[in-house]
Amino acid sequence: MDELIEIGPIQAYPNAITTAAWPLIELNDGAKVEVPLAVVRGAEPGSTLWVITGVHGNEYVGLGALHRLLKSVTPTDLRGTLVIIPMVNVVAYRLRARSASIDGMDMNRIWPGAPLPQAVHLFAHSEIVVSRVIKPILETADFMIDCHDGSDIAICAPYVAFSTGRNEEETQLLRDAAVATGFPIIWEQSADFIAQQQPQTSHLTLTRNGVPAVLLEAGGKGEHESGVQRMYLAIRGIMDFLGMMPAEHEARSEERFWVKEALWLRAEGGGFFSPAVPVLSRVEAGQHLSSITDFFGTTRDEITSPYNAIVMTQRDYGPVNEGEFICELARL
């Protein structure tokens, strides 16, 4: 096992936990945007796993799960190296917002980002941050996990998503890792869906570039603690699968759903949104899912399921504009 590895500002030795603030980009007053970074190296060699969260600055379930993970992992019990970024989008986090106000870009739609000379947006903050984060991941990682949730507007059923690998062996590795999460929904995303709905996401980009990666979703508004625990257990499950550390198992009775196709439903008009079914509900084609009303309670739109499905993500009560996301359905 190499005595020393360097990741960002950290020089990590075996059998040690090291944390640091990683300066990634400079603001207009000269202040550095510093991303938190932790490296846990076991006493024995093994896989290098990166776990990141906070690509969207108002999603906190992954942050709670990583707090729990750092408290549970000791170098003497770990094989290999665990690298953690508890908050990628620090500028957005400061504002309790999904995206950094500097450029308004969705940081999980622009991977691999762009280095300074190749950046294409007028305000290129997010492009540059992603470019500087992905470089050491590609150089060191054997596997990557990106953690998300429904933020302050929605609740996500626990699900794991991945894209097809570069070959069947890599795809099977991703399937097996997905099963190891213990999540009830496993979504092998199609190339068509990714191209239309989620181009240049972290897990797709890394998988295409040789680092198998999965996306975890759990919890959100009103379901923080349960989401944190499920996500923590999912990460530990993948660590067990990679031979890094035994999993922590809790009894689960829910059925597992293998998903190939999912659909985002959007508001076809503005108003006040009211959901009628919770996440993980099985729904039939034509079944009522939610409604949008005006200020007087008059129904403006009734949202129904286009096919037999399971509800993966459901927006919470509140105002919506035309075109906003309201629900995600996995086709059964």
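**Two helices crossing, and two nonpolar cores**

Helices α4 and α7 sit oblique to each other in this predicted model. The reasoning is simple: their axes cross at roughly 135°, and angles over 145 would be needed to count as roughly antiparallel, while roughly perpendicular covers 65 to 115, so this pair is oblique. The two axes come within 7 Å, with α4 spanning residues 168–180 and α7 residues 224–241. As for handedness, α4 goes past α7 in a right-handed crossing. On the α4 side, the contact is made by Leu173, Asp176, Ala177 and Ala180; on the α7 side, Gly237, Ile238 and Phe241 do the job. Sorted by character, the residues of this α4–α7 contact come out as five nonpolar, one polar and one charged.

Now for the nonpolar cores. The largest one holds 37 residues, and Trp50 and Ile85 are the members that touch the most others. Quite a few elements chip in with two or more residues each: the strands β2 (10–12), β3 (16–26), β4 (32–41), β5 (44–53) and β6 (79–85), plus the helices α2 (90–94) and α3 (125–140). Helix α3 gives the largest share of this core, six residues.

Apart from this core lies another one, made up of 36 residues, with Val40, Leu78, Ile84 and Phe162 among them.

Back to Trp50 for a closer look. Leaving aside residues up to four places away in sequence, Trp50 touches Ile7, Val83, Ile85, Pro136, Ile137, Thr140, Ala141, Phe143, Met144 and Ile145. Ile85, then, turns up on this list as well as beside Trp50 among the core members touching the most others.

Conventions: Residues numbered from 1 in each chain as written. Predicted model: local features only at pLDDT ≥ 70, side-chain atom pairs only at ≥ 80, totals over all residues. Heavy atoms only, no water. Axes fitted to C-alpha atoms, helices over the stretch in contact; angles between N-to-C directions. Helix = DSSP H or I, 4+ residues; strand = E, 2+ residues; numbered from the N terminus. Parallel < 35°, antiparallel > 145°, perpendicular 65-115°, else oblique. Left-handed = near helix turned anticlockwise from the far one by under 90°. Contact = heavy atoms within 4.5 Å. Nonpolar A, V, L, I, M, F, W, Y, C, P; charged D, E, K, R; others polar. Core = buried A, V, L, I, M, F, W, Y, C linked by side-chain atoms within 4.5 Å. Buried < 20%, exposed > 50% of the residue type's maximum accessible area, 1.4 Å probe, protein only.
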